[in-house]
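User: Could you take a close look at one part of this structure for me? I'd like to know what surrounds it, and then how it connects to the rest of the picture.

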Amino acid sequence: MNKRIKRICVIILILSLFLGSTIGLHSPAAASLEAATVKKARKIGFTVKKGKTKNIKYIIKNSSLKEKKKKNSAALTWKSDSPKTVKVIKNERIRGMKAGKTYIRGYNKKNKNVISLYVTVQPPSKPKLIRSTSNGKVKGTKNSAGTAMIWYGIPYGADTGGGNRWRAPQPVEAWSGVKKAVTKRKGAIKASGNSYTGTEDCLYVNVYRPYSKEKELPVMVYLHGGSNNSGTANTDFSGLAVKTDCVIVTVSFRLGAFGFLNHPALQNGTMEENSGNFALLDIRQALCWVRDEIGNFGGDAGNVTLSGFSAGARDTLMCMISPVMQGLFHKAVILSGGMTVSTPKEGKSSVEKKLAAVLVERGLYAKKSEALSYIQSAPSSTVRELFYSLSTKEIAQMYKTFNLRMDKFPQGFTDGVVLPKEGFSVISRGTYNRVPVILGSDATEFSSFAWRDDSFFSYDTIFDTMVFDTMNLLGKGIKYGSQLQSAYNVEKTAEALSRDAGHEAIYAFRFRWGTNASVTDSFYSQYVGAYHGASRDFLRGVYTNNKEYSPDVISLKNKKGRQALTTQMRRYIKNFLRDGNPNDASLTRWNVWRNRESSKKIMNFNAGKRKVTSKMTAEKYDQNMILYAMYKNLTTQEFAFLTNTVLEGRYFMPAAFLGLYK
């Protein structure tokens, strides 16, 4: 190699060494220094769960940094090397965004890195789907969105068939291993056409809760509707549980003559069994299960709200006056149900007629009157044998209709043990379960029942068709029937509770979404409106079209308003479930009920196309004034038809007032 080439090589070597030291090319020494820095950072590193936050000052305070650096850290600007992994919030906190590792670095005013901390973001630990109960372990499932956990069909009582029929709920036998609670179970037996569906092994609960590890959440126990002769506990409440941050328990209980049957021939059991209120005894047993087991599912047994819709709301009100329910719940939410009970005498008379009909159906007697005479004169032991000879189908078919008429299916017997003999009049004396209560009704309650009433659409004479405009009369029936029903459910109940000087807080609402033609349409607003169950559906976030008449009512044009109303209602309910008061500073004030005429006592829940329009109002429905308005505004034929045919016998009709107008 000549001298010129050697000189060039030396120059290149010198330049490479010089440039490497000035622009940061990694030498072995530099690599070693960086490793040491990382190692040191790891010593003062920390972890944060995905979705959780930590205060930077707290991190620094508890780190191994020297005191001088800790003091200087207050003036630093913090940045994350990977904001997708760790996000710095307002230079005060960091939030774990996704699982991984990165640095957060503190810079001084000259933008020089002063402190580097190594952060590990851990994925959140998964809540357990397997939970223990006193009788064994159960494994639940997640909802489709992955936001809630659900346990279906956890037994709280033994099979009510065979020797357990018309008895109080019996204990559940323990099981070994893990019981799968991942699919819905059959509900209680109910009539279906000329037969029945369901099972007598029906005493179970479904549990819904947020997909989290939170504990001591408020609990809501829900009793389904269906006239106490139909309905199911398998209504999905996972969305409401997530949004209200609570545990919701839906209860399956006995229906029809399996659930309510009062006759002296069957009264050879305990005092409670002799009441004939078997469905109420089921509900008590379910509440006892909640008291003993709900802590295993993250619920607070000391903060239980009993809630129900329609018949379930009437059952909830019965629980409020039942001595055997004392201490098992602490608040109540009543959705579209009023104060209804029956006497044991009414129960006996009704079931004897049903039993007589069975004997005629079997071909043992030609007439019901003959069969009834036999039953009423037969020894108690013979009548008892008749009851226990009934097939499942025969019992299911006994009470397959109700239509809001207590004589069609007497229920809630005032036996003096499960329910007081005085019925709801005990409230005025204060001898009932005093709890804060929400009373609600849907403004067009009766539309659902009017459409199912054949009397609007069948006439006996040509004269009838000349007198009545069917749709006009249907509209009037819906209007006045809804007002009477809503008044009974809300105003009458609130006034009864108010007669007790020591009553707890009462909050009343009337749900009105669907009654504004500009938000829905003219047909829907008049003939469907805020139908029976609308408030429950909005709480669940379920919006249903009337497919036959108004298939496009639930649309994009009113979506924002609907969803805003659901959000508002859920926030009120969440607050009430937590501490018995629906209010917070960010919501329109919901006043407690006052009997004074001028007081704004009822919350009207409603929304326009885009915004909530809910507000308090002094509106008060008075049943006597409603009947007077009917008398003045309807023709003689219309008034007679609605009061004597359509509305007669409905539990909300004030029969004493009707006599004034006949």
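Analyst: Happy to! In what follows, a contact means heavy atoms within 4.5 Å. This is a predicted model, in which local features need pLDDT of at least 70 and side-chain atom pairs count only at pLDDT 80 or more, while totals for chains, interfaces and linings use all residues. Residues are numbered from 1 along each chain as its sequence is written, and side-chain values use heavy atoms, with hydrogens and water left out.

Let's begin at Gly 298, which sits in the loop joining α7 and β18; helices here are DSSP runs of H or I with at least four residues, strands are runs of E with at least two, and numbering goes from the N terminus. Gly 298 counts as buried because its relative accessibility is 5%, where buried means under 20% relative accessible area, exposed over 50%, and partly exposed in between (1.4 Å probe, protein chains only). If we set aside neighbours within four places in sequence, the residues in contact with Gly 298 are Arg 131, Arg 209, Glu 214, Lys 215, Glu 216, Leu 217 and Val 247.

The elements on either side of that loop, α7 (278–293) and β18 (299–309), both turn up in the cover over helix α8. That helix spans residues 311–321, and 11 of its 11 residues are buried. Charged side chains are among them: Arg 314 and Asp 315 are on the buried list, as are Leu 317, Met 318 and Ile 321. Besides α7 and β18, the covering elements include β16 (217–223), β19 (331–335) and α15 (470–498).

Now follow α7 the other way, to the loop between α6 (256–259) and α7, where Ser 275 lies. Ser 275 is buried because its relative accessible area is 0%. Not counting residues up to four places away in sequence, Ser 275 touches Asn 262, Phe 413, Asp 415 and Val 418.

Helix α7 also has a place in the charge pairing. There are 24 salt bridges in the whole structure, a salt bridge being a side-chain nitrogen of Lys or Arg within 4 Å of a carboxyl oxygen of Asp or Glu. One of them pairs Arg 254 with Asp 282, whose closest N and O atoms are 2.7 Å apart. Arg 254 belongs to the loop between β17 (247–252) and α6, and Asp 282 to helix α7, so this pair ties together parts 28 residues apart in sequence. Both partners are buried.

Helix α15, which helps cover α8, has a salt bridge too: the side chains of Lys 476 and Glu 638 meet at 3.1 Å, N to O. Lys 476 is in α15 and Glu 638 in helix α20 (residues 636–646), so the link joins parts 162 residues apart in sequence. With 9% relative accessibility, Glu 638 counts as buried, whereas Lys 476, at 22% relative accessible area, is partly exposed. A network of salt bridges with shared partners also joins Glu 491, Arg 510, Arg 512 and Glu 619.

For a sense of scale, return to our starting glycine: from C-alpha to C-alpha, Gly 298 and Glu 638 are 56 Å apart in space, and they are 340 residues apart in sequence.

A local pair makes a nice contrast. Glu 67 and Lys 70 form a salt bridge of 3.7 Å, N to O, and both belong to helix α4 (residues 67–72), 3 residues apart, or about one turn of the helix. Glu 67 is exposed at 52% relative accessibility, while Lys 70 is buried at 18%.
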